[in-house]
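Please open the structure in a viewer and keep the selection tool at hand. The tour below proceeds stop by stop, stating what to select and what is found there.

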Amino acid sequence: MASVNFEKLKTPQQVKAMLRHCDGEERMEANHSNIDIDKSKTSGNMQGDLDYTATCQKYSERIAFLDTKPGANKRKDRVTCFGLNIPAPKNLKPEDEKAFFLAAIKIIINQYGEDNIIQYYMHQDEKHAYIHAGTGERCMSRSHLQCYVVPEHNGKLNGKWFSSRANMVKLNNSIHRMAQEQFGVMFMDGSKRKSRKTVEQLKNESACLAIQQELDAQKMALDTQTAEVKKEKQIILQTKVMLYEQKSDLDQRKDSIKANEDDSCAALQDAATLRDAAMQVLLRVQQLEEEDMQLIELGKQKRRRQWVSALDSDEVIKAYHELNGRLNDLVPQK
């Protein structure tokens, strides 16, 4: 539920850093690490009469004054200031916000003393969306009051007394009663569990939760992509197996073709050898035929010579004359 948040500030450096962060002029001039500050809305903020320098001086003078008192709390870990963060009630009208915060400041003054009020700021330039840490729902932050108070009690610093349960309950109840009586709204409306965390801590938690949700969404998307990648890997694996089988088949065919080529080459070589041998045989046959023709011609020439020699003999001549004579006898005489 809505309630006042108490933030302890120990060192002057911490206090002055928060005062600089909240001051209107410093906001406009400086670049803040808080990305939720919208400078276009800073002019709508409200703060006390003192500027940053005067506020820091008021704080320093108040601490110095308390340190001069007998029995002053000068412990190194002492709390020198509290930052009270008061959110606007959920159902408060925007036009009533300044009046509500001014009434809350009066309650703080009555409870802790006006001398201890260092400065107050109403911020309307830090409204931002955030993720509810309890429900995870997306919500919008509200205007809030930052009031810085020195925890003085009985003349010395006393942080434990300032933030005791009794004082915290008293302050919350007083603001709650004022909200009901003057504005007709509930300050502690039970909308969420009371938290002692600072605004920055709540923002960080909200940011972390938003980041976690984004990471969960990314993980879900990644899981989906991983499943798709697994399917693609399975398809690739099956394709590789198929390609391997096809490669094996092609290798076998290649080996078979190579074997057939080798056989063909061997057969061609054998054929060439046979062709060369046949050519040799054919040439030899031609040579023998030529030799036979020469022998036949020589034989004919020899027989002719024999015949001529036979015709030149006496017996042939005698027979020739005898035959010629007979022919003459047979031919009639004229």
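**First stop: a charged patch**

Select D292, which counts as partly exposed because its relative accessibility is 42%. The model on display is a predicted one. D292 is found in helix α7, which covers residues 199–311. Now add E289, E290 and E291 to the selection: together with D292 they gather in a patch of negative charge on the surface.

**Second stop: salt bridges within helix α7**

Remain on helix α7 and select D249 and R253, two residues that both lie in this helix. They are four residues apart, about one turn of the helix. Their side chains meet in a salt bridge, with an N to O distance of 3.1 Å. D249 is partly exposed, since its relative accessible area is 32%, a value that falls between the limits of 20% for buried and 50% for exposed.

Next, select R275 and D276, whose side chains also meet in a salt bridge, at 3.4 Å from N to O. R275 counts as exposed at 52% relative accessibility, whereas D276 is partly exposed, with a relative accessible area of 40%.

**Third stop: a salt bridge between two parts of the chain**

Side chains of opposite charge can pair when their charged atoms come close. Select D67 and R78 for a further case: their side chains meet in a salt bridge, 2.7 Å from N to O. D67 lies in helix α3 (residues 52–67) and R78 in the loop between α3 and β3 (81–87), so the pair ties together parts that are 11 residues apart in sequence. Is R78 buried or exposed? At 16% relative accessibility, R78 counts as buried. A search of the whole structure finds eight salt bridges, among them the pair D67 and R78.

**Fourth stop: a buried asparagine**

Move to helix α6, residues 165–183, and select N172 there. N172 is buried, because its relative accessible area is 2%. Which backbone atom does the side chain of N172 reach? Select V4 as well: the side chain of N172 reaches the backbone nitrogen of V4 at 2.8 Å.

**Last stop: a nonpolar patch**

Finally, select L330 in helix α8, which spans residues 314–330. L330 is exposed, as its relative accessible area of 68% shows. Extend the selection to L323 and L327: with L330 they form a nonpolar patch on the surface. Together, the three residues have about 330 Å² of accessible area.

Notes
Residues are numbered from 1 along each chain as its sequence is written. This is a predicted model: local features need pLDDT of at least 70, side-chain atom pairs count only at pLDDT 80 or more; totals for chains, interfaces and linings use all residues. Side-chain values use heavy atoms; hydrogens and water are left out. Patches are made of residues with over 30% relative accessible area and no salt bridge: like charges are joined within 9 Å, nonpolar side chains (Val, Leu, Ile, Met, Phe, Trp, Tyr) within 5 Å. Accessible areas come from the Shrake-Rupley method with a 1.4 Å probe; for residues, only the protein chains shown count as cover. A salt bridge is a side-chain nitrogen of Lys or Arg within 4 Å of a carboxyl oxygen of Asp or Glu. Lys and Arg count as positive and Asp and Glu as negative; His and the chain ends are not counted. The place of a charge is taken as NZ of Lys, CZ of Arg, CG of Asp or CD of Glu. Buried means under 20% relative accessible area, exposed over 50%, partly exposed in between (1.4 Å probe, protein chains only). A polar contact is a pair of N or O atoms within 3.5 Å; within protein, one must be able to donate a hydrogen and the other to accept it, and residues adjacent in sequence count only if both atoms are side-chain atoms.
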